[in-house]
Amino acid sequence: MPASPDDIRSRIVRIVLGSAEGDLTERDLAAAGWSLPQVSYSSLAYIRMIDTVENELGVYLDPEEESDRFETIDSLVELVSQHLREVADA
Amino acid sequence: MLIDVITRAVRAHGDAAAVADRQSSLSYRELDAASDRRSADVRRLLPGRERPRVGIQAGNSVAYVVTYLAVLKAGGVPFLVDRASGAQETRVIQEDCGLDLLVHEESTPVPEHGSRCGVLGTGPLHTTRFAVRHDRPDLHDETEVCRFTSGSTGRPNCIEFRGRAVHRAAANWADGTGLSGGDGILCFASLSNGLAFNTSLLSAFLVGARLHLGSGLPTAGAVSRMLRGSAATRLVGFPALYESLVRRPLSAEALPDLRTAISSAAPLNPATKQQFVDRTGVPLQNYFGIAEAGPLTFARNPLTDPGLGQPLPGVELRAGGDGEPGVVEVRSESMGTRYLNAPGAFESRVGADGFYRTSDVGCLSDGSLVLTGRTSQVINIGGRKIDAVEVSEALAGAPGVRDAIVLEVADRHGTSALAAVLAAAPDLDPAGPRRHVARRLAPYKIPSLVRIVAEIPRSSSGKPATAALRRMFDDSENVQ
């Protein structure tokens with residue numbers, strides 16, 4: 001059964017928090033409007049996050065062409081969902 | 001002149017592929033012609049300015065390489081500025097070094113006192129021009145290229161290089177590592193960084209190799225796609241690139257053309273190196289180089305070498321012996337001349353015999369350099385050197401912060417992370433000081449880990465109690 005949008009969102013949030021250096025909490029993210037730049041998400045954390053998304057969800061995130069869609073949890077969920085649909089349709 | 005060396009090399013390779021990014025590519029002949037046209041654009045923007053100082057602040061691209069050559073052809077001195085620098089950092093560099101022009105991306109936060117002059121030539125890079133400053137420091141007569149290194153005083157140091165030093169760095173690297181015209185180099189390090197500048201830019205052109213430029217985050221997915229698409233034989237990147245590659249499924253079959261992988265600028269986790277070699281069969285070279293003296297070592301047998309390899313041609317090294325480490329000293333043909341904006345600081349590290357005293361401690365084991373420590377507290381996060389003083393000062397200027405100390409600690413992934421201890425009220429939200437730094441400095445200078453205390457613990461002499469500060473970060477769960 002395909003993952004629901006809520007499932008994808010909760011997985012993305014878990015991956016984003018797990019890839020951070022250590023201090024980041026879901027409350028911090030919510031307080032920052034779910035914006036990764038607003039919580040000073042580091043480039044090393046972004047790399048870990050993208051690797052984990054690719055490993056767990058089987059989609060490719062292009063860090064050069066799609067980086068503007070890595071900025072918020074909402075845009076990330078939308079991007080990953082779009083790629084999952086493309087994989088399912090292929 | 002450096003440009004004569006480059007022009008001869010470029011013209012020797014004619015229609016062979018020279019440089020490519022994801023959007024475009026140029027043969028050597030096309031690179032020569034494009035840089036000729038762009039040099040005329042540079043001269044038009046700076047009429048009457050002698051030996052103009054041109055900052056280049058951009059990500060890796062064909063346009064970057066064309067601009068670099070064009071500035072040299074225009075009789076100018078390129079200053080290679082970190083793309084990630086914030087507006088305040090770029091302003092400090094522009095004022096310290098008296099830049100006449102900054103070539104940058106459209107989105108680059110440029111100093112407000114500059115005049116935007118539109119795109120350079122047909123683009124895509126943009127330009128901002130600055131008024132002539134008559135009190136700027138004089139360049140050394142023989143300086144042809146300037147690059148930057150993190151200082152320890154709150155400002156980056158601008159290293160002046162003779163053309164011969166830049167040429168010898170590239171030629172000795174090509175010679176010492178066996179680079180040939182049949183090679184293709186995929187470089188994900190920024191061209192403003194020594195890792196890329198010395199291993200990939202001029203060295204490729206001297207031998208007629210192909211240079212493929214990666215930009216953006218070096219994730220395993222992006223790197224392996226570019227490796228397959230470019231058929232590159234060499235991969236150049238910071239340790240984070242290799243850590244990413246071993247996090248993802250990776251096999252030798254996926255990288256059929258790759259022969260050598262090169263890392264530097266920060267310690268490479270031995271486990272990462274071993275996993276990469278085990279899974280790909282490709283040797284991973286972790287060479288030693290410093291900004292002031294160029295690339296210095298390369299392992300003749302990387303699979304068995306105990307350290308960072310033997311001195312490259314044109315390099316002499318001194319260090320301690322086995323079991324008795326000493327300060328690493330180097331004399332190289334690729335040595336810088338001095339710091340433009342810190343008179344005497346570079347020279348104070350060079351002895352009467354011409355050896356430069358580095359901040360590294362190590363020994364020579366069977367001729368291979370093994371590093372064991374450092375004499376300074378320069379912070380190194382993923383290959384980016386960070387001046388703790390600069391970040392501490394920025395944090396201490398944030399509302400509600402009385403004092404700040406910045407240090408490097410291991411995060412819960414076992415990776416070096418930038419940490420800060422702030423003296424402030426217990427209810428201070430760390431997001432405030434982080435935003436304060438973000439408005440002033442490059443994103444990689446924003447501390448990932450922050451602790452709030454009533455007072456910074458200090459010794460009786462007033463120095464920060466480093467051990468106590470580090471213990472504040474011991475509570476992070478280790479996830480590796």
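Buried area here is the accessible area, taken with a 1.4 Å probe, that two parts lose on being put together, summed over both. By that yardstick, chain B and chain A of this predicted model bury about 2,400 Å² between them, and carbon and sulfur atoms give 50% of that. On the chain B side, Arg22(B), Leu217(B) and Arg247(B) give up the most area to chain A, together 24% of what that side buries. Counting contacts (heavy atoms within 4.5 Å), 30 residues of chain B and 24 residues of chain A take part.

A bit of bookkeeping first. The model is a predicted one, so local features need pLDDT of at least 70 and side-chain atom pairs count only at pLDDT 80 or more, while totals for chains, interfaces and linings use all residues. Residues are numbered from 1 along each chain as its sequence is written, chains are lettered from A and ligands numbered from 1 in the order in which they are written, and side-chain values use heavy atoms, with hydrogens and water left out.

Now for the charges. With a salt bridge taken as a side-chain nitrogen of Lys or Arg within 4 Å of a carboxyl oxygen of Asp or Glu, the count over all chains comes to 34. Six salt bridges cross the interface of chain B and chain A. Arg22(B), already met among the residues that lose the most area to chain A, has a salt bridge to Glu65(A), at 4.0 Å from N to O. Within chain B, Asp82(B) pairs up with Arg384(B), their closest N and O atoms lying 2.7 Å apart. That pair ties together distant parts of the chain, 302 residues apart: Asp82(B) sits in the loop between β4 (77-80) and α4 (87-97), and Arg384(B) in strand β25 (residues 384-386). Helices (H or I, at least four residues) and strands (E, at least two) are DSSP runs, numbered from the N terminus.

Chain B splits into domain 1 (2-14 + 21-136), domain 2 (164-374) and domain 3 (387-471), with bounds from an automatic or database domain assignment. The centres of domain 1 and domain 3 of chain B, taken over C-alpha atoms, are 35 Å apart. Even so, six residues of domain 1 are in contact with seven of domain 3, and the two domains bury about 450 Å², 45% of it on carbon and sulfur atoms. Ala84(B), Gln88(B) and Glu89(B) supply 80% of the area that domain 1 buries against domain 3, more than any other three residues. One salt bridge is counted between these domains; Glu89(B) and Lys445(B) meet in a salt bridge at 2.4 Å, N to O.

As for empty space, a 1 Å grid over the protein atoms alone was used: a cavity is a set of points where a 1.4 Å probe fits but cannot get out, a pocket is an open set with protein on both sides within 12 Å along at least five of seven lines, and lining residues have an atom within 4 Å of a point. Volumes are the space filled by probe spheres set on the points, which are joined across faces, edges and corners. Five cavities of 30 Å³ or more turn up in the whole structure, and the largest has about 50 Å³. Residues from both chains line the largest cavity, including Leu44(A), Ile47(A), Ala240(B) and Arg247(B).

The second largest pocket holds about 410 Å³. Of its 21 lining residues, Leu24(A), Asp28(A), Val39(A), Ala431(B) and Arg434(B) lie nearest the centre.
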